[in-house]
Amino acid sequence: MRLNDIKDNAGARKVRVRIGRGIGSGVGKTGGRGGKGQTARSGVAIGGFEGGQMPLHRRLPKRGFNKWRQKDFNEINVGALQKAVEDGKLKAGQTVDVAALVGAGILRRPKDGLRVLGTGELKTKLAITANHASASARVAIEKAGGSLSIIEVKVLPADEEKRKKTAAKKGQSGKAAAKPE
């Protein structure tokens, strides 16, 4: 075999069709877009019209619920914390929070807080501050002799009163409906 004998497999390089390049090309004049009208122009967004039939996107039911302003927490397993201690990124007895984990290079950015999960095993005593923690994570942290403090979400007194009033109204309407006369 010589260098001048080397060539691509058949069909490896496909030649692009150059539209709008004369009658002889087969895609001249209208360039494959047909006659006049909306679809002959660029930026057409018809797509969903099915000739008067109920469109597919309206025939199918909606599913689920997406919470508005949903919080996005960093999630970390206790096994990952143990590995970070073994790698020398965290020290035993150190207070571990989002800022410490970002500073150590374990997390990329703080996001909306920290959620500790229980996969893996923790052997080192750590004082962890997080927004949430799973039950298995709590057990693993306490078993290793560490402590876990959960950041409380601050609820304004006005919001708490409003919540109590709504709960009371719901309770009264429920009792009135259940009460036979």
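How many residues in the lining of the largest pocket are nonpolar, how many polar and how many charged? The tour ends at that pocket; two sheets come before it. Keep in mind that this is a predicted model.

**Stop 1: the sheet with β1.** Select residues 74-77, which form β1, and residues 132-133, which form β5. These are the edge strands of an open sheet, each pairing on one side only. The order of its 3 strands is β1-β3-β5, and the pairing is parallel. Strands of a sheet pair through backbone hydrogen bonds, either parallel or antiparallel. Now add residues 114-117, strand β3, which is joined to β1 by 4 bridges. For one pair, pick I76, whose bridge partner in β3 is V116.

**Stop 2: the helix across it.** Select residues 78-86, helix α2. This helix lies across β1 and β3, and runs at about 75 degrees to β1.

**Stop 3: the sheet with β2.** Another open sheet of 3 strands has the order β2-β4-β6, with parallel pairing. Select its edge strands, β2 at 95-96 and β6 at 147-150; each pairs on one side only. Then show residues 127-130, strand β4, which runs parallel to β2 and is joined to it by 2 bridges. Opposite V96 you will find I128 in β4.

**Stop 4: the largest pocket.** Select K67, R69, Q70, K71, F73, D112, N131, H132, I151 and V153, which line the largest pocket. Its volume is about 230 Å³. Colour the lining by residue type to settle the opening question: 3 residues are nonpolar, 3 are polar and 4 are charged.

Methods: Residues are numbered from 1 along each chain as its sequence is written. This is a predicted model: local features need pLDDT of at least 70, side-chain atom pairs count only at pLDDT 80 or more; totals for chains, interfaces and linings use all residues. Side-chain values use heavy atoms; hydrogens and water are left out. Two strands pair if DSSP finds at least two bridges between them. Contact means heavy atoms within 4.5 Å. Axes are lines fitted to C-alpha atoms, for helices over the stretch in contact, and angles run from 0 to 180 degrees between N-to-C directions. On a 1 Å grid over the protein atoms alone, a cavity is a set of points where a 1.4 Å probe fits but cannot get out, and a pocket is an open set with protein on both sides within 12 Å along at least five of seven lines; lining residues have an atom within 4 Å of a point. Grid points are joined across faces, edges and corners, and a volume is the space filled by probe spheres set on the points. Ala, Val, Leu, Ile, Met, Phe, Trp, Tyr, Cys and Pro count as nonpolar, Asp, Glu, Lys and Arg as charged, and the others, Gly among them, as polar.
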